[in-house]
Each structure stands twice: as structure tokens, then as C-alpha cells.
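Visitor: Please pick one part of this model and give me a close look at it. Then carry on from there to whatever else is worth seeing, in one connected walk.

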Amino acid sequence: FLSAASHPEELVIRSKQLGLEAIALCDRDGLYGSPRMHLAGQNHEQRVLVGAELTLQRPEPLPYNRFPYPSVALLAQDHDGYRSLCRLITRAHAHHEKGQAGIDMTDIAAQRSGLLALVPVDPHAPLTDQEMSVLTEAFGNDAAVVVWRHLDATDSPRMAHAQAVSLQYELPIVASARPRYHDKSRHALCDVMQCIRDGTTLHAA
């Protein structure tokens, strides 16, 4: 919530314009935009993948609006995967206040049928060795490390960290746009929404 500045339909149209074979929507801890993106995909003849990015639980809970945060993005490969994803989302929200969520990697591993696991690694929100070991053992060839570039100072350390994790756990690396808006004209709006989420102002940020 308040972390992006484009509608699902706009992302579908833009992906079609760019000639992408498919686009995946991974909302944080939910499937909020998936129905609209699925319909847009049908209307524009663009393949849409269903997924969600689940926040990993920590012994000492982190502020939910913190970014980056430790997470795993899960993509449904089929109906069985969609069912698994829905169950995991339900578990992630259980025993948490409204608007917050978190789940253990062991729970994800136990409900991994029909899912692909993509790890958006970041040196400021690393997964533990135990989490990575559980993930690689459970998902095997259905797991990968995700890298993305937003043309800012965080790119180089994040990509170096991703390469190190890939080598250590023998996971392939996949590229993602991980977009927060579909067109650069939304950059300013995205900044405003980020400030709202963080409870600050553009000047203070």
C-alpha cells in the first residue's frame, strides 16, 4: 500500500508495448491487484502471472512500512500453486494486526506445491543462512535470486550482494524491473506516496 504509483492496467499495457512475453504482479502479502491485472491481460492479450511477495517474520518485528524488507516472491505455476499461495497469504496475516503480515520460511517450504520462489535479495534486508538453506532445499530448481536496477546508488551494492548469494547457494539469477510506476511521469507521484507511507514530507525526505 502506498508503495507504487501505477494501476495494474497501466502496467499490463506498458508491458505489452515493450514486447514482454508476460508480466507478474507480486503485491506485498496479498493478491490485491491480481483481479484487475488478470482482466487487463485478457483485454490486451498479454500473459499475466499471479504471485505475491511475502514478508519474512523476524524475532524482533520490523516496522511494516520499512523498505527494503526481507521477503520471498512466490509465483503460481498452476491451480495447485494458486491454492498454495492463498493458504500462505492467509497464514501470513494470521495473528497480526490489520495491515501487517509476516511468515516463517519453514511455513513457506511446507506449502510450496506449484510455486516458484524468487528472492529479491538486498544487503539492507538480508535473509538468514537458515532461511536460504530451507528455501533451496524445499524449492530446488524452482528457486532463483532476483536482481533489478533503478539507476540509483543502491544498484551496485544490491547487485554485488545478489551475485554473492547466487554463488553461495548455487541459485540462478533472474532480472526483474520491479517497477513502482509504468512511466517516468509518475516519479513525482511515487515520491509523494512514499512520504505519506513514511509519515514525512518531501522536504524532510
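**A buried methionine and what lies beyond**

Guide: Let us begin with methionine 193, which is buried, with a relative accessible area of 19%. The cut-off for buried is under 20%, so a value of 19% puts methionine 193 in that class. Please keep in mind that this is a predicted model. Methionine 193 sits in helix H7, a helix that covers residues 187-198. Another methionine, at position 105, is 88 residues away in sequence, and the two C-alpha atoms are 30 Å apart in space.

What does alanine 5 touch, leaving out residues up to four places away in sequence? Its partners are Arg180, Tyr181, Arg186, Leu189, Cys190 and Met193, which brings us back to our starting residue. Alanine 5 belongs to the segment before H1 and is buried, at a relative accessible area of 5%. From alanine 5 to glutamine 57 there are 52 residues in sequence and 27 Å in space, C-alpha to C-alpha.

Still in helix H7 (187-198), cysteine 195 counts as buried, at 7% relative accessibility. Cysteine 26, by contrast, counts as partly exposed at 25%. Which cysteine sulfur is closest to that of cysteine 26? The one in cysteine 86, and at 13 Å it is too far away for a bond. A disulfide needs two cysteine sulfur atoms within 2.5 Å, and by that rule the model has zero disulfides.

Now step back from H7 to the loop that joins strand S6 (173-175) to helix H7. Arginine 178 is in this loop, and its phi is positive, about 40°, although arginine 178 is not a glycine. Aspartate 183 lies in the loop between S6 and H7 too, and is partly exposed, with a relative accessible area of 32%. Along the chain, aspartate 183 is 173 residues from glutamate 10, yet their C-alpha atoms are separated by 9.0 Å.

Glutamate 10 takes us to helix H1 (residues 8-17), where it is one of the buried residues, along with Pro8, Leu11, Val12 and Ser15. The cover over this buried set includes strand S1 (22-28), helix H2 (34-43) and strand S2 (47-55). After H1 comes glycine 19, with a positive phi near 80°.

Between S1 and H2 there is a loop that holds tyrosine 32. Is tyrosine 32 buried or exposed? It counts as exposed, at 57% relative accessibility. Beyond residues up to four places away in sequence, tyrosine 32 touches Asp27 and His93. The C-alpha atoms of tyrosine 32 and alanine 52 are separated by 9.2 Å, with their positions 20 residues apart along the chain.

For a second helix to set beside H1, try H5 (residues 129-139), whose buried residues are Glu131, Met132, Leu135 and Phe139. Looking down the axis of H5, you find these buried residues within an arc of 95°, so they line one face of the helix. There is a simple geometric background here: an α-helix has 3.6 residues a turn, so residues three or four places apart point the same way. On the other side of H5 are the exposed residues Asp129, Gln130 and Glu137. Among the elements that cover the buried residues of H5 are strand S3 (71-76), helix H4 (105-110), strand S4 (115-119), strand S5 (143-147) and helix H6 (155-169). H5, like H1, is followed by a glycine with positive phi; for H5 this is glycine 140, near 55°.

Farther along the chain, leucine 151 lies in the loop between S5 and H6. Its phi is near 55°, positive in a residue other than glycine, and the residue is exposed, with a relative accessible area of 71%.

Last stop, a pocket. The second largest one has a volume of about 210 Å³. It is lined by 15 residues, and Thr55, Gln57, Pro61, Leu62 and Ala101 are the closest to its centre. The lining is made up of eight nonpolar, five polar and two charged residues. Gln57 is a residue we have met before, as the one placed 27 Å from alanine 5, C-alpha to C-alpha.

Key
Residues numbered from 1 in each chain as written. Predicted model: local features only at pLDDT ≥ 70, side-chain atom pairs only at ≥ 80, totals over all residues. Heavy atoms only, no water. 1 Å grid on protein atoms, 1.4 Å probe; cavity = no way out; pocket = protein on both sides within 12 Å on 5 of 7 lines; lining within 4 Å. Points joined across faces, edges and corners; volume = space filled by probe spheres on them. Nonpolar A, V, L, I, M, F, W, Y, C, P; charged D, E, K, R; others polar. Buried < 20%, exposed > 50% of the residue type's maximum accessible area, 1.4 Å probe, protein only. Helix = DSSP H or I, 4+ residues; strand = E, 2+ residues; numbered from the N terminus. Contact = heavy atoms within 4.5 Å. Arc of directions from axis to C-beta.
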